[in-house]
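Me: Please take a close look at one part of this protein for me. I am a first-year student, so keep the sentences short.

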Amino acid sequence: MERLVSTVKCLTEHLLQKHLTDYEEVIQKLFSEVSGLEEFPKISDPQLEECAIQLWNWAVTKNVGTIISKCQKAKVRHVACSLLYCSEPEQPTEGVLRKQILMASKTGRTWLDCKNPQMADYFLRLAVKSLETLYSQLTSRGDGAADITASKGDVEKDLLRILSCQAESAISQGNNHEAVAHVQRCRDMLLRLPKDTAYLSLMCYNFGVDTYNVKKFEDSAFWLSQSYDIGKMNEKYAPGSEVQAKVLRLLATVYLEWDCERFQEKALNAVSLANKEYVSASGLYLKIRILLRCRASDDHIRAGLNEMLEAKISLEMCLSTVNILMSADREVLAFEYLKRVCQHFESSPDLGTALVLHVELLLQKGKELLGKQKIDDIITGHYTGKQLTPQALTCLHVMLWDKASKHFEATDYSEALQWYNYSLSFFKAGQMEPNYAKLQRNRASCFLQLKQLEKAKEAIKEAERCDPESIFTQFSVYKIAVLENNVEKAADAVNAMGRLSKSPVGDEDGLLVSENAASNLLRLAAQIALENEQQETAMKALESLCENSKDEAQVLTALRCLVRLVLSTMEQPSDEMRNVNMDVLLPYLKMAQRKVSHQTCLTAEQQTEEANWFRKIAWNSALQCESCPDRMRDFFVLSYQLSQLCPPDRTLLMGQKTCLLMAAAACLELCRKSLLTDQTEELTQALEHIQTCWEVWKTLKASGNFPTDPTDTLLLLYEFEARAKLNDPKVETVLESVLDLENVETKVLETIAALAMEPPAHFPLLSKKALRVALSLHKKQPQADLDRCSMCVHSLIKLSLPSGVSEVEAHVLEEVWDYYEEALSIIAAAPDDFPEMETLWLLTRAWNTGILLYSLAQYPEAEKWCGLAMSFIRHLGSLQESYETQMSGLYSEILDRLDKAKKNIIMEE
């Protein structure tokens, strides 16, 4: 126990510190310490009582504002009250008992406010017990009769408050029987405490409200009856007739909702009594409701309606009554009463509200002719001093437009126009208002359906004047331009719609209710143009949709339409037109690739489907661009990029490989045809495609064998050409890779040799290497192709022969001599099949080499090469005789000169 006292004192001191801001932890510790304290014996310690008083006063000072929460306040009071009772002396004095009563009752009340009735009950019982002890002490006294009487009165007041709290707690826990017992004790005390009549009456009313809200109608009826009866016990201290009427109205409502058939008399009696107590609009209205629910006769209801008009209730309440009459199928009564209401409020500025309701009800019941007559009357009154309020006018416009819209949907355009014209009657000429523009657009739509183009143009002209920055206005302008086949004006309208689509768009008579309203309008614009066979205009609308719509699926659909429209025009045979269409098609496919690759709303299956569709279009388009390598390249690259968005399989990978091969080939073809000296960009791009293709090809080869596929060879050829023209030293490595190929073809090597020397490439050593290997392979064939062999030798000689004095070197001449010997061996193998002109070329180049050496005073070498040239004469065939005659003389002359030159050299020595 000492530990408890010490802990409580320490925590109390901590809580009372001025600088403390976080109370929650200290309060919770205190609450935990005293929980269950009632089970322990009393502790007669003044420190505990002091702590109780300090904590209580602290809670009172923190009661203002939101320094501590209700629950925290309840816990502090709980602790203080528990400590006070714990430290209670064996014979508590009157002062102690009054403290206990105050603290226990207020703690119970606070727990009730925190929706914790179980905790509240404990402290309320403590309060009652202390009250009983105090009352016993007061009764046992014999002196001061007047003081004792006053004190007993105070005790009874406190008891009534505590009993009412206990009743409230019982109600919140669903213990209605217990609550009744507590309230009955309170009623018994009212004879001695008449001033508490209103308090107890209102408390019972609140119980009635609480039980009504949870549909406990029987309990609610009991408590509301109790409230009314208690109020009647003492008229002087009753809540007042207005409150009593309120109680009775709720009682009537309870009977109405509980079982109207069973309690109709009670409901009517309650509401009639309420209206006698205090006449109010809500009471009179409730009476009509009850009469209708009870299926009372028209005369009874008519009497109730008369009461309403005599009571001078508001127009709004009267109109509400009309509505419930209509809902209850008392149509005759409703229109009769509405007519009387209009007469009654004829001078009211709000009369228009009743007139508009009259029109609405007539239209609801299908009485259009009467409704139109009423509208005509309203229009006349509107311009003769009986103007509608803005609210009433708005309601009427909404009603008229709704009626017009329904007729429009039913394709009754003349009738729709008539209802729109009624609305137009309320607008002044030249009025500038968005709704006026909207009305004119709607009228224009009717005129267009009725084939009255000129009237539609007039209506749209008004809409343009009033609201040109509306996308709907521009759409209407567009529709008329299409009908007039005015391509330029239609294009301007589409551009304006595209610009305006960047701003938020409202609804237009329910036509567009999605957040993509602007895109839907552009899609509709394209549809209208196509229906009128204006493809160019339709494409402009679709292009604008693609540029401005945020709906990815809608954009892809528009792109499909654009692609189909372009393809439909490509059936024309003209190459020029085909190229023009290809240039139109390409941006659409590029946009499709971007949209599909960056989509966020499509499912994986939808993305694959879209990518596949556009991939095939790009592929087929590329195949039609044989004469345009730049277009071919772009389409194949797009096809590859789109294929990357599809799940990979063997077929798709084969397509990717082909796309990249063709794109690389197209880049190289562009370089060959280009007049530009700098081809670096194209060649680098070709290399990129080749490297990507290698990766795809490796993946493919890992999935199976491709024994006859030429991809390795083609990739190496393309890579060799690109690197050679970029003067890339890696070109030699590429050649080695070619030579490492299994069963490399001679044609490939000959192509490599040619590419090595094709400007701007210049790799003679690599070219000769390829040619030597090719020649070797030719010779290994069972039946050598002499033409191909001679071509290889020709190329080797051409690459090796010195073209000037500076290139004449012994090892070069030796290399060329070997090639000539190769040529002679080829000729000797098939002298009749060797081309004569090739023989003449070999003869001429050998002779010229000899002459060059002669001019350089290299006489032995000169004689050798001239002699080589002479050895080809016998293989010339038809040209042999003429060349033999010419060259024999020249050769003899050269030999003579050589002899003289040799003698001169000896003499000089």
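**A close look at loops and aromatic rings**

Reply: At 69% relative accessibility, Asn743 counts as exposed, because exposed means over 50%. The model is predicted. Asn743 sits in the loop between helix H33 (731-739) and H34. Its phi is near 60°, a positive value in a residue other than glycine.

Move along to the next loop. Helix H34 covers residues 746-756, and Pro760 lies in the loop between H34 and H35. Pro759 and Pro760 are joined by a cis peptide bond. Omega there is about 5°.

After helix H35 (764-780) comes another loop, which leads to helix H36 (786-800). Asp785 has its place in this loop. The relative accessible area of Asp785 is 35%, so this residue is partly exposed. Asp785 also belongs to a negative surface patch. The other members of the patch are Asp787, Asp832 and Asp833.

Now for the rings. A pair of aromatic rings is described by the distance of the centres and the angle of the planes. The structure holds 18 aromatic pairs. One of them joins Tyr820 and Phe872, with ring centres 5.8 Å apart. Their planes stand at 70°, so the pair is edge-to-face. Over 60 degrees is the cut-off for that label.

Where do the two partners, Tyr820 and Phe872, lie? Tyr820 is in helix H37 (residues 810-829). Phe872 is in the loop between helix H39 (859-871) and helix H40 (880-908). The pair therefore ties together parts that are 52 residues apart in sequence.

Tyr820 has 0% relative accessibility, so it counts as buried. Phe872 is buried too, with a relative accessible area of 0%. Buried means under 20%.

Tyr854 and Tyr859 form an aromatic pair as well. Their rings are 5.6 Å apart, centre to centre, with 65° between the planes. This pair is edge-to-face. Tyr854 is partly exposed, at 23% relative accessibility. Tyr859 has 17%, so Tyr859 counts as buried.

Back to Tyr820 and Phe872. Together with Trp817 and Trp865, they form one aromatic cluster.

One more loop is worth a look. Thr411 is found between helix H18 (390-409) and helix H19 (413-424). Thr411 is not a glycine, yet its phi is positive, at about 65°. Asn743 likewise has a positive phi, near 60°.

Definitions and conventions: Residues are numbered from 1 along each chain as its sequence is written. This is a predicted model: local features need pLDDT of at least 70, side-chain atom pairs count only at pLDDT 80 or more; totals for chains, interfaces and linings use all residues. Side-chain values use heavy atoms; hydrogens and water are left out. Patches are made of residues with over 30% relative accessible area and no salt bridge: like charges are joined within 9 Å, nonpolar side chains (Val, Leu, Ile, Met, Phe, Trp, Tyr) within 5 Å. Accessible areas come from the Shrake-Rupley method with a 1.4 Å probe; for residues, only the protein chains shown count as cover. A salt bridge is a side-chain nitrogen of Lys or Arg within 4 Å of a carboxyl oxygen of Asp or Glu. Lys and Arg count as positive and Asp and Glu as negative; His and the chain ends are not counted. The place of a charge is taken as NZ of Lys, CZ of Arg, CG of Asp or CD of Glu. Helices (H or I, at least four residues) and strands (E, at least two) are DSSP runs, numbered from the N terminus. Buried means under 20% relative accessible area, exposed over 50%, partly exposed in between (1.4 Å probe, protein chains only). Rings of Phe, Tyr and Trp (its six-membered ring) pair if their centres lie within 6.5 Å; planes under 30 degrees apart count as stacked, over 60 as edge-to-face and the rest as tilted.
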